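Hi,

Here is the structure I promised to pass on. Have a look at it first, and my notes follow underneath.

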2 protein chains.
Amino acid sequence: VTHETNPTVPPVGSQGLDARTEALLRRLVRREAEGAVKRLLARYRPQDIAAAMEHLTWQEQRRLYRSIDDKDYAAAVLTHLHEAAQNEVTRDMSEEAVVDLLERVEPDDATDILGNLDEGLREKVIEELEDDPTGEEVKTLLAWPRESAGGIMSTTVFTRKVGTTCGQAIAELQATHEQFEAIYYLYVVDDKDQLQGVCSLRNLLTHAPRTPLEKVMAREPIAVAPTTDQEEVARIVARYDLVAVPVVDERRRILGIVTVDDVVDVIREEAAEDMMLMAGVSDPYRERSVLRQAAYRAGWLCATVVGGILAAEIVGLYEHTLQSRAVLAGFVPVIMGTGGNVGIQSATLAVRELATGRVAVGGTLQFVTREVWIGLLLGTLFALVLGSYGLARYSSEPMLGVSVAASVFCAMSLATLIGSSIPLGLQRVGIDPAIATGPFVTTGVDVLSIVVYLSIAKLLLGL
Amino acid sequence: VTHETNPTVPPVGSQGLDARTEALLRRLVRREAEGAVKRLLARYRPQDIAAAMEHLTWQEQRRLYRSIDDKDYAAAVLTHLHEAAQNEVTRDMSEEAVVDLLERVEPDDATDILGNLDEGLREKVIEELEDDPTGEEVKTLLAWPRESAGGIMSTTVFTRKVGTTCGQAIAELQATHEQFEAIYYLYVVDDKDQLQGVCSLRNLLTHAPRTPLEKVMAREPIAVAPTTDQEEVARIVARYDLVAVPVVDERRRILGIVTVDDVVDVIREEAAEDMMLMAGVSDPYRERSVLRQAAYRAGWLCATVVGGILAAEIVGLYEHTLQSRAVLAGFVPVIMGTGGNVGIQSATLAVRELATGRVAVGGTLQFVTREVWIGLLLGTLFALVLGSYGLARYSSEPMLGVSVAASVFCAMSLATLIGSSIPLGLQRVGIDPAIATGPFVTTGVDVLSIVVYLSIAKLLLGL
């Protein structure tokens, strides 16, 4: 889904390269016009350049990236590149050059970049980082699973003890040279370093300087464990409208914070993930080679093949029926199609409802019932349409049209039942419904539709 | 996709109702045990109650909502309810009661709620709000399209003129009683009220009180127009890691800000939307009646029917071929299935790539080529598998197996071409690729697969 910004409003500040500028950039890079590339880069933010680089080939990306002189700018671009691109542009760098870049970014971003390097380079870089403050932090972060709160958190947190006054906290914030990533909250801890409360910067400012923090802070702050999955972290941040959420250990000591910008990235990724899992495809930026992408998809398609062979065997059983009325075969596609598609519709809704947590409790039966009602309604509608077509088209054989109508009705009703209940069942036994729903539903519905159709036809046509 | 929080970490603060508590709440509501319900509610945040209410029937939701005494708490719950639920719980309220709730929430939230009321009630509430400060703001917001920056922005913004010092700004922030929604940035404007820069609260604190804002602020701040689509706003906030983005008119005067919490909601909704558009289903919380949901889906399924009838006609042309070799019909499902599914895989990727903007420029041909390569690879693999099955199963008719193999290969290669290029083509002519991709791809691939299969079989089997 794309949209255009109202063209009558002049852009405030540069907000990305338009299509023409991107095309120009690409030409300049191809021509190796380094001077012109540099002048163009100077007009844009690192995020814009990172976004524009996604449309270049790997070779062009490397060439463009090498022409960035300012190391801070280069580090910022690197942070905003897609993970596969982070790997590509650093591929031919020395470990010293990579370390130089990593020291200029936040430790959580450095950890992400490190995770995307080729293994050889990664190990050399980690060695090089050994006695480095960034290195220490990176090591802590690498210890947690990559897609957990611990893996995406920032370890620079502004905390103060209970008993500190608002005035002191402000003075200390002013005095410190520590680089707090996007600071919005001050976390208040007790003598055992346990998280007790949280206050916003604005809270600090709007109370008398002598007020102790515990009078200002909100108690029982929302927090997550370092092992909490990033998707759960995102759900919590979204639900409570947070700008950052603290990550605490089993004794409630603060290990870091996850900021909302990382959460936004997680939400963007995960939603795409569900959609791609259902279709059985992998992110092309993750499975970069055509061969590996094909292998990934083949797994999913195997279910289709199993279902297809089953269908072929079933049709084989009805060989004589088909021999005497070959036109019967003509309706196999439409019956499979209507059944299969309405089944996928039910499955898609079920996956979404599970992802949002809406049908998690109790509502299961209600959801399935609703879908089956929709199946019965749509089944009736399309039975009438296709039955009429069948009757009109093969008027000498009225029972053919009736068979088609009855089969469409049964296939669609069954499909909504299967499509809505398979994801719920998979979830219950601990399988990700998105990954398995597509093939199971398609295969199940296809096979059932054919059996229903041929049985009804055989019966009604008296074959 | 669901995950569990590490159970060894004790929750810090209440973070939602667990399944048992939800079940208890439901029982209490059904039993109309108002006292017990109230005691239970007192232990949770409004967001938690709003989330728990999604699992109740409308009647239960209304009953539960009525038992909330604290008006501020009730207003907060209302804000966090799903849009259809906002309508349901307010349905039997007087306009005065609704106004009382709306005055307790931010104007942008009030506007959202208002948009979800039944029309009769909405008009009465707007009348009632006439001379109200909230009413003024709501009217301004209602003037913008609902899914635009203007429709989701907050109108309370902290702005100061160029020339103000950091110290003054802090003093004024301390003195004001205005309710700034989640304040993180101070926006700096010139004498004509035009946006000149932005500084964070922390910036204000870490500079000498006499420093003028223009020395501290970041210039050329990112901004959006009120008519900018919310999805574009979300992309900008995500790209630049913002916590809020100012909305400016054509003369760059600030109209409001869109905060990241609203952006998070937008991203969550839009991703689900693409997925549901592709399957041709509508959010059950939007199309609440079974009848309307069925009608919505029927539109999408019509394409399947048209394709199906076309397929039936084509098969009809090969009636004699099928009469002499009825087993041929057995392979129709598997050829349609493998082709259709690999086509949907390509289409899904194309829709995702378009949504992320990756293939917007130039990369189109590269993307399609890549997909076709994958189709050729998978086609070869499955041609071997299904061809071998055909040869083994019908060994007396070796050309049948060969026909199946050739058809699978052609169908899968064609499917990747169609699946990857249709969304790109739709995008180019201004049609949302997600909405139209599903039916077009399925229908196109189905019909082509059948033509290819029957032609090859007729040729090779010499019928």
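Let me start with one residue: A:M399 sits in helix α21 of chain A. Keep in mind throughout that this is a predicted model. A:M399 has a relative accessibility of 36%, so it falls in the partly exposed class, which runs from 20% to 50%.

A:M399 also belongs to a nonpolar patch on the surface, together with A:L391, A:V402, A:L459 and A:L460. Between them these residues show about 430 Å² of accessible area. Two elements of chain A each give two or more residues to the patch: α21 (398-428) and α22 (433-461).

Next, the two chains. Chain A lands on chain B after a rotation of 180° with 0.0 Å of shift along the axis, and the RMSD is 0.1 Å. The copies are thus related as by a two-fold rotation axis. Both use the same surface, too: 99% of the contact residues of chain A recur in chain B.

Now the sheet. In chain A, 4 strands make an open sheet with mixed pairing, in the order β1-β2-β3-β4. The edges are taken by β1 (159-161) and β4 (218-219) of chain A; each has a single partner strand, so one side of each has no neighbour in the sheet. As a reminder, strands of a sheet pair through backbone hydrogen bonds, either parallel or antiparallel. For β3 (residues 195-200) and β4 of chain A, the sense is antiparallel, over 2 bridges, and A:G197 stands opposite A:R219 there.

I looked at the strands of chain B as well. β2 (residues 185-189) and β3 (residues 195-200) of chain B pair in the antiparallel sense over 5 bridges, with B:L186 facing B:C199 across the pair. These two strands form a hairpin with 5 residues between them. One to check in your viewer is B:D193, in the turn, which has a positive phi of about 65°. On to the next pairing: β3(B) and β4 (residues 218-219) of chain B are antiparallel over 2 bridges, and B:V198 is opposite B:A218.

One last residue: is B:R27 buried or partly exposed? B:R27 lies in helix α1 (residues 19-30) of chain B, and its relative accessible area of 44% makes it partly exposed. B:R27 and B:V37 are 10 residues apart in sequence, and their C-alpha atoms are 9.6 Å apart in space.

Cheers

Technical notes: Residues are numbered from 1 along each chain as its sequence is written. Chains are lettered from A and ligands numbered from 1 in the order in which they are written. This is a predicted model: local features need pLDDT of at least 70, side-chain atom pairs count only at pLDDT 80 or more; totals for chains, interfaces and linings use all residues. Side-chain values use heavy atoms; hydrogens and water are left out. Copies are superposed by least squares on the C-alpha atoms of residues with pLDDT of at least 70 in both. Contact means heavy atoms within 4.5 Å. Two strands pair if DSSP finds at least two bridges between them. Patches are made of residues with over 30% relative accessible area and no salt bridge: like charges are joined within 9 Å, nonpolar side chains (Val, Leu, Ile, Met, Phe, Trp, Tyr) within 5 Å. Accessible areas come from the Shrake-Rupley method with a 1.4 Å probe; for residues, only the protein chains shown count as cover. A salt bridge is a side-chain nitrogen of Lys or Arg within 4 Å of a carboxyl oxygen of Asp or Glu. Buried means under 20% relative accessible area, exposed over 50%, partly exposed in between (1.4 Å probe, protein chains only).
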